[in-house]
Every structure is written in C-alpha cells, then in structure tokens.
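Here are my notes on the empty spaces and on two helix packings, set out as numbered points that can be followed with the structure open.

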Amino acid sequence: MTDQQEDLDTEELTLAVHSIADRARSASRVLGRVTRDRKDRLLLAVAAALVERRDVILAANRSDVDRGREAGTAEGLLDRLSLDPDRIAGLADALAQLAALPDPVGTAVRAETLPNGLRMRQVRVPLGVIAAIYEARPNVTIDIAGLALKSGNAVVLRGGSAAAATNAALVGIIRDTLDDHGLPDDAVLSIDEYGREGARVLMEARGRIDVLIPRGGRDLIQSAVTTARVPVIETGEGNVHIFLDASADEDMATAILLNAKTQRPSVCNTMETLLVHSGAHAAPGVLAALARAGVTLHVDDRSRALLPEDANSVPASDDDWRREYMQLDLAVRTVDSVQEALAHIRTWSTGHSEAIITNDLASSEEFVAGIDSAAVLVNASTRFIDGGELGLGAEVGISTQKMHARGPMGLPELTTTKWIVQGEGQIRR
C-alpha cells in the first residue's frame, strides 16, 4: 500500500481516481480534434526530451532496479524493467517512427452515395479515454502514451510499483512537453500513487473509461478480465510454439530457434515450446545448439533421445506445455505429423503466435490453415510479432481475442468509427 492509499479511505480514493479519469475525458475532447501536424510535432518533441533528460530517467530507473533486485525479483523481470542509453534511444526512435505514420483519425473506412441520394461515410475517430494496466515495463509507458496521443486519445496509466520511479519520470516528461505545446497535459495521467486499489477503481469506472488494455502476465490479465466493468481488450500471455518440420534445413532452423528463444527471453513473443517432427534430421543439431546457448530443455521421453549427453535437460510434464517461462527454459516434444503438432497447439496455446520451419509447401499450408492464433509465421522468428517490427511504429499490446482488434495493436486499433450521413431533405418511407 502506498502512502497516498494509507491517507485515503475507500470513498476518497474512488473520488480521486474518478477525478483523474474525468480530467482525461476533458483532455480527450481537445486532443481528438488536433491536426496531424501538431500531433507529430508533439511526438518528435517528446522523443527529443527523452534523450535530453536521459540522466533523470536513468537515475529513476536505477532506483527501481536496485529495489527490485533487493526484493529478489527474477532476472527476466529485471530485464524488462531496466533501461539504458540504447533503450532510451530506441524509445525515442519509436516515437519518431510513429510520427511518420499516417494519422488514422478521419480516414474513411467506407463511403458511398445511396440510391436515395444520401451520402454515407464511415470514418475513424478516437476511442476517447484509454486505461492501460501493465507491469514493470517502462517502455510500455512511452509506447502506449505515444500511440494514444497520435490517435487522438487520452490515456490513464497504471504501471505498477516495480517501475514507479521510472514511470513517474517518463510521465512527467510527456506532460511537460504537452504543456509546452499548448495541449492539455491531462491527456497523459497516472494512477500509480493509488496502488492496486486504485487499479481496481479504474477497472470499474464504467462511463469514465472507454476501454481497458491490460498488458503483462497471466495473473494481471485474468484479474483485469474478471474484475473490469469497462470494455477490455485482452492482450496475451505468450505460450508461443514453433514446429520443426521433417524437411527443415538445419542451418536455417538453428538460426531461427536461437533467435526466437535467446535474443530476449523475457518478452511475450519468445518461443516457449518447440515441437519436433520425429523425422526431422535437423533435430539433434538444433537441440544441441539450444543447449550450448544455455537453454534448459524440458523434454518428453522421445525428445530426450535426441539430446547430447551434456545437455541441460529435465523431464517435461503437462505444466511445461502450458508455461510461459520468460527465461532460458524451453519445453520440447516430439510429434509424428503436422496434425499432431496442431493438436498440441490447440490444447496448450494462449493464441499469441505460432511458427513452422519447413521446406515443404504442403506442410506450411496445412500448418497456416490449421492455426487459430493471432499470428502465424513460416520460416521466420516469432520475435517479429511486434508492432515496431511490423511497421506499426509501436504497439499498445498484442491482442489474443477476436473482437475489435487481434494481434499487434497500432494506431488504427486505437480508433473506432462514426457514421456520417448527409442528405438534402430525404425522409424514410
């Protein structure tokens, strides 16, 4: 519980969070009518401010990381929490890329003149007030705020206690820049000071919040889905699968799998389960390469026979098939066909991303057709399922649901539509 929570009773805390949401609503009405040029200049100014005030951000981040390390936070989570000059430069670059993208607001989804002469248009408009709840990921603060501002939305952030100092520094920089540009600084607000109880109030603020986007681990996401009274876009925990087909080339497979597992194990598009075709000649070499890279392999009996003697491995159980490790651990199972791989994925997948490595066109087509996840890849690392990598500039999250948005969510996914009908006195008969 924060000091602010200790000083407030439940009614006062509710009023405080509602006041923040109402301030965001007022700001959203202004921001929704701002021109693209003005929004783009704002984003570029925020990007420059991040670099200029880098020392302030890094000092705040060091205090968060030190506090997390003292509390025994897992290394994977500390990696997500940590910023360095290169990562801050990356955040600034993402905002610059975002500024260069087309503004979805006002674009026509459809337009036609009806037989009775009515001119009909369906155009994109901002959602309004977005709430985002996430864990220990200061980069998400910039991604979500940048996307919200470009798409004409206000945003209320709950970034969690683990990154409290870093998020406060980042939000402060954004709000200062909004004010410098003559725009309402309440377009970006945080409720971090009100802790978990504040998050609960936010999730129940129907009529004040237009959509809630939770981003984090399973517990956080399921808590939001089951607690919220506001509309929720469910973003996914990433139990990501890659299927090594019988025809896979060993060199290509090794490069893809090492990238998918070891480049950044703590993120949601990292491979967590490898399914190996029993006829895959590449399997022993691929598994040996993963073991040499420090990956602990959680294997079924058939896969164990493919491992070198010095490989770090443990027996797999059903718990391994469902886990998002977020570290250098990997579940490995041997299957006899594409259909058996698909059956495993349908049973255990969280619906995020799946991939196949193959040189067989029929296998790739069967796999792509059989996957019902938000993203499917052929002969490419799952690490590409990311808004920045797919040209979205940044992402607010990766949706694993099927309503409104699915997969990486960029600017268009933070808009809804409005119907505009113009006539010359027509009446319905």
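1. In this predicted model, the largest cavity is lined by Arg-137, Arg-215, Gly-216, Thr-235, Gly-236, Cys-268, Glu-395, Gly-397 and Ile-398. Its volume is about 70 Å³, and by class its lining has two nonpolar, four polar and three charged residues. The count of cavities of 30 Å³ or more comes to three.

2. The second largest cavity holds about 40 Å³ of space, and the residues that line it are Leu-43, Val-46, Leu-95, Ile-142, Ala-145, Gly-146, Leu-149 and Ile-174. Two elements, helix 3 (36-52) and helix 7 (138-150), give two or more residues each to this lining, with helix 7 supplying the largest share, four residues. The lining of the second largest cavity has seven nonpolar residues, one polar residue and no charged residues.

3. Turning to the open spaces, the largest pocket contains about 1,000 Å³ of space. It is lined by 40 residues, of which Tyr-134, Glu-135, Arg-158, Arg-196 and Leu-220 are the closest to its centre. The elements that give two or more residues to the lining of the largest pocket are helix 4 (54-70), helix 5 (75-81), strand 3 (129-134), helix 9 (195-203) and helix 10 (218-227). By class, that lining divides into 15 nonpolar, ten polar and 15 charged residues.

4. The second largest pocket has about 860 Å³ of space, and of the 32 residues that line it, Asn-139, Asp-143, Arg-264, Arg-383 and Asp-386 are the closest to its centre. Helix 6 (85-100) and helix 7 are the elements that give two or more residues to this lining, and helix 6 gives the most, with seven residues. The lining of the second largest pocket comprises eleven nonpolar, nine polar and twelve charged residues.

5. How do helix 7 and helix 8 pack, and at what angle? Helix 7 and helix 8 (residues 164-180) pack at an angle of about 25°, and their axes lie 9 Å apart; because angles under 35 degrees count as roughly parallel, the two helices are described as roughly parallel to each other. The crossing of helix 7 and helix 8 is right-handed. On the side of helix 7 the contact is made by Pro-138, Thr-141, Ile-142, Ala-145 and Leu-149, and on the side of helix 8 by Thr-166, Asn-167, Leu-170, Val-171, Ile-174 and Leu-178. These contact residues divide into eight nonpolar and three polar, with no charged residues. A reader following the second largest cavity will find Ile-142, Ala-145, Leu-149 and Ile-174 again here, since they are among the residues lining that cavity and also take part in the contact of helix 7 with helix 8.

6. The second packing to look at is that of helix 15 (residues 338-348) with helix 16 (residues 361-370), whose axes come within 10 Å and cross at roughly 25°. Helix 15 and helix 16 are therefore roughly parallel to each other, and helix 15 passes helix 16 in a right-handed crossing. Val-338, Gln-339, Leu-342, Ile-345 and Arg-346 of helix 15 make the contact with Ser-363, Glu-366, Phe-367 and Gly-370 of helix 16. By class, the contact of helix 15 with helix 16 has four nonpolar, three polar and two charged residues.

Conventions
Residues numbered from 1 in each chain as written. Predicted model: local features only at pLDDT ≥ 70, side-chain atom pairs only at ≥ 80, totals over all residues. Heavy atoms only, no water. 1 Å grid on protein atoms, 1.4 Å probe; cavity = no way out; pocket = protein on both sides within 12 Å on 5 of 7 lines; lining within 4 Å. Points joined across faces, edges and corners; volume = space filled by probe spheres on them. Nonpolar A, V, L, I, M, F, W, Y, C, P; charged D, E, K, R; others polar. Axes fitted to C-alpha atoms, helices over the stretch in contact; angles between N-to-C directions. Parallel < 35°, antiparallel > 145°, perpendicular 65-115°, else oblique. Left-handed = near helix turned anticlockwise from the far one by under 90°. Contact = heavy atoms within 4.5 Å.
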